[in-house]
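The following exercises practise the reading of a protein model, from its sheet to its loops. Please attempt each task before turning to its solution.

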Amino acid sequence: MDFTRFMNKFNEIERQLSPTSALRLSFDNISPETEEPPDGNKRLWGVPVPPFVSEKVVSWIEEEFNEAPVFYNGNSVLKKVENVRMIDRYNTKNPTVGTLYLTATHLIFVEPDSNKETWILHMHVASIEKLPLSTTGSPLLIRCKTFLSVTFVIPKDSECHDVYTSLLKLFQPVSINKLYCFNYQPNKDDFPKNAGWDYFKLEAEFKHMLVPNEAWTLCTMNEKYELCDTYPRQIYVPKEATTLMLISSSRFRSKGRLPALTYLHNNKASICRCSQPLSGFSARCLEDEQMLEAIRKTNSNTDYMYVVDTRPRINAMANRAAGKGYENEAFYENIKFHFLGIENIHVQRASLQKVLEACEQKSPTMSAFINALESSGWLKHIRSILDTSSFIANAVDKGVSVVVHCSDGWDRTAQVCSLAQLMLNPYYRTIKGFQALIEKDWLAFGHKFSERCGHIQTDAREVSPIFTQFLDCTWQLMSQRSEAFEFNERFLLILHDHVHSCQFGTFVGNCEKDRLDLKLAERTFSLWGYMANHLNEYINPLYKPNVDEAIKANLAPQCIKFWRGMYSRFESGIHPREPLGDLLLDSKEHCNSLEDHVQHLTKRIASFKNYISKSAKKLQDATSAPGKVSKELSSNEINDNKYNYDKKLSELSAADDDHPLKASNMSFASLSLSAEQSSPPQALPEEINSVAVDWKPMRNVTTCSCSTPFDQFSKKTHCWRCGDIFCERCIDKNVALPGHDSGKPVPVCRGCFRQMQKQSP
């Protein structure tokens, strides 16, 4: 019930009871010292009610506002609706009936029979549509940025309207400070707030490329973002570039985005990025021309360089009428200019919408789906981006430097520069390197994540799937050269979902300056800190670290594929029960666990053998000296085990560090059959039993022990201690097992974790 309705009703009752009373004075003037009302019983929310407030008013307020709060899974429920039907377009005749919970952050649908839960984060919602009333209820169609499309049929139209209006307010905040990341709190044991924010430093990434050096230097003119407020504070430019050249070039480029280094290859060829020049039809800037010449001179391999405009020629020509445009080869010496035809953000947005329409066909046939996918043009756009990236990578690999721009240099430029580096440098094909690539070319150089992903209420024309296309192109390369990438498809999906979720502050804001102004590192958690705790889930089992060569994309039409795992991942019946990558990764983890265990046992056996050989040597020395033996040993001593144990205990205290029983906190005294010792230590059996030799097969497991059913997009995870299979919520702990030689933390279930906590001293 809203406040306006409350006050209207309240005033109406007040007028009926006492036209002269001033009810607004009632609670403001009440203090803890207020005398008890005469009857001693009239209280509201524990506060005494003044005598002039009638019982009717008090009972009405209690009835309307004193409802018991509802919680689901620790989340305070704003609205609970029962008997809701969730329609799956593959099973429209038998819809699922369950309960719908609306919380401050999620929309949760629970199926009571199967105990299956469908969680929809408000920040993932792309659009909400209230469909016409039907005989079964009021349908609510929700489309998500994760490409989930679901329809809830709510029995009462009034309840549907309440959910609809609430979601409209919740899924897209007006202010950036209202985003989910500013309120998100993980479990205390997960990771600290500062984890991940210091994993990547721009200076360290350029040092990885041996920059600064004799040709490139750090420019300090942007320390306060005065040169370009959408660039990072640290930008690297040619040593020959003067202050006048930098300032003039910045003023001659759209949004002040002057040419700056983003990648230096080991053959001195570089990739620089910028925005379009403000050239119009005839304008020129001598300093900007000198700036590009200075970039060319940093590479002594060739006497020319490429300038790549990623736009179609007609788009660039149209921009000239607005006073912008492209470089005139008559003014810029020693450059070769190329248009490479990637469409703008509006075309890409419309194309993705057509892809979703193709995926949401009610009765898709082969020809209908293929025709719809073809008419969307999506795969043509993906190929165009890969084609441009390949041109840049091939040029750099041959020793030719490249300057890249589009219109403003933060969309298509970010795509092709990062993909070219992915093709050229194996470091960026590792998990850490790929994260560094995103930090450098997307976050630091000012891709407008909050606008392109629609984090807050903004101009809908600014929303576009630019980062989604980058991930799609990366997946295309992975499909062609899977052994060259350390990460798997799940890694890309997690990145995509959390770019839109705003659960972490990593991708909030449009540039580096925005993130510093918002103090995200202090107020929010980092996605990289979260992912560091789940690295084992992102490993590609086919990865070969020794592949250090540049890779090339196969641009043949039949090699550009539709990414079913991204755009159709929530559709039942079209995915394998267990993805091949998950099965391979699970087998690899099992082998790693067994190898680690074998290594530990091998060392323990060697340690025992070492001790036995030393004991045998001492015994041999003793028997070789009869006179000595007669003095030190007697038949009673040899037969008296208790005496021998006590004697060996003193020897054990001075034993070498590799003594097996000393390392396990065992002693001869503890092995004595003395009645004083009721439970001898079991260190060695504990080490053996701490590692599961046999892992439960994944194939026949349909539900977790918590009754959560497994489907095509929920990951099954083995506990390394007991070998059973659990969902991600039940296996959220990582500890080192006593039976592993490496001592690395590995996933264990909550039951095993509690047992290990009890056993630990």
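Two strands are said to pair if DSSP finds at least two bridges between them. The model examined here is predicted.

**Exercise 1. The order of a sheet**

Task: Determine in which order the five strands of the open sheet stand, and which strands lie at its edges.

Solution. Step 1: Strands of a sheet pair through backbone hydrogen bonds, either parallel or antiparallel. Step 2: Following the pairings across this open sheet gives the order β13-β14-β17-β15-β16, and the pairing is mixed. Step 3: β13 and β16 each pair on one side only, and they are the edge strands. Step 4: From one strand to the next, the twist averages 25°.

Two helices pack on this sheet. Helix α7 (residues 286–297) touches β14, β15 (305–309) and β17, and its direction makes about 125° with that of β15. Helix α11 (residues 378–397) touches β14, β15, β16 and β17, and its direction makes about 170° with that of β15.

**Exercise 2. The two neighbours of β14**

Task: State in which sense, parallel or antiparallel, β14 pairs with β13 and with β17.

Solution. Step 1: Strand β13 (residues 260–264) is joined to β14 by four bridges in the antiparallel sense. Step 2: Individual partners can be traced, since L264 stands opposite S270, while A260 has R273 as its bridge partner. Step 3: The two strands form a hairpin with five residues between them, and K268 in the turn has a positive phi of about 80°. Step 4: With strand β17 (residues 402–405), β14 also has four bridges, but here the sense is parallel. In this pairing, C274 has H405 as its bridge partner.

**Exercise 3. The surroundings of β14**

Task: Explain why strand β14 is described as largely enclosed by the rest of the structure.

Solution. Step 1: A residue counts as buried when its relative accessible area is under 20%. Step 2: In a regular strand the side chains alternate between the two faces of the sheet. Step 3: On one side of β14 stand S270, C272 and C274, on the other I271 and R273, and all of them are buried. Step 4: Five of the five residues of β14 (residues 270–274) are thus buried, so the strand is largely enclosed by the rest of the structure. For the protein as a whole, buried residues make up 49% of the 761 residues.

**Exercise 4. A pair of helices**

Task: Describe how helices α9 and α10 pack, and which residues meet.

Solution. Step 1: Two packed helices are described by the angle between their axes and the distance between the axes. Step 2: For α9 (residues 345–359) and α10 (residues 366–376), the angle is about 175° and the axes are 8 Å apart. Step 3: Angles over 145 degrees count as roughly antiparallel, and therefore α9 is roughly antiparallel to α10. Step 4: From α9, the residues S351, K354, V355, A358 and C359 meet F369, A372, L373, S375 and S376 of α10. Step 5: Sorted by character, the residues of this contact comprise six nonpolar, three polar and one charged.

**Exercise 5. An annotated site**

Task: Establish why the residues that UniProt lists under "binding site" gather at one spot.

Solution. Step 1: The unreviewed UniProt entry places this feature at N344, I345, C406, S407, D408, G409, W410, D411 and R412. Step 2: These residues span 69 residues in sequence, yet no two of their C-alpha atoms are more than 12.4 Å apart, so they gather at one spot. Step 3: One of them, N344, is found in the loop between β16 (335–339) and α9. With a relative accessible area of 23%, N344 is partly exposed. Step 4: Leaving aside neighbours within four places in sequence, N344 is in contact with N315 and R412.

**Exercise 6. Unusual backbone values**

Task: Identify what sets the backbone apart at L210, at the bond between V211 and P212, and at K255.

Solution. Step 1: Most residues other than glycine have a negative phi, and most peptide bonds are trans. Step 2: L210, although not a glycine, has a positive phi of about 60°. This residue, L210, lies in the loop between α5 and β11 and is exposed, with a relative accessible area of 66%. Step 3: V211 and P212 are joined by a cis peptide bond, with omega about 5°. P212 is placed in the loop between α5 (202–208) and β11 (216–219). Step 4: K255 has a positive phi near 60°. K255 belongs to the loop between α6 (243–252) and β13, and at 48% relative accessibility K255 counts as partly exposed.

Key: Residues numbered from 1 in each chain as written. Predicted model: local features only at pLDDT ≥ 70, side-chain atom pairs only at ≥ 80, totals over all residues. Heavy atoms only, no water. Buried < 20%, exposed > 50% of the residue type's maximum accessible area, 1.4 Å probe, protein only. Axes fitted to C-alpha atoms, helices over the stretch in contact; angles between N-to-C directions. Parallel < 35°, antiparallel > 145°, perpendicular 65-115°, else oblique. Contact = heavy atoms within 4.5 Å. Nonpolar A, V, L, I, M, F, W, Y, C, P; charged D, E, K, R; others polar. UniProt positions renumbered as here; feature names shortened; annotations may be inferred.
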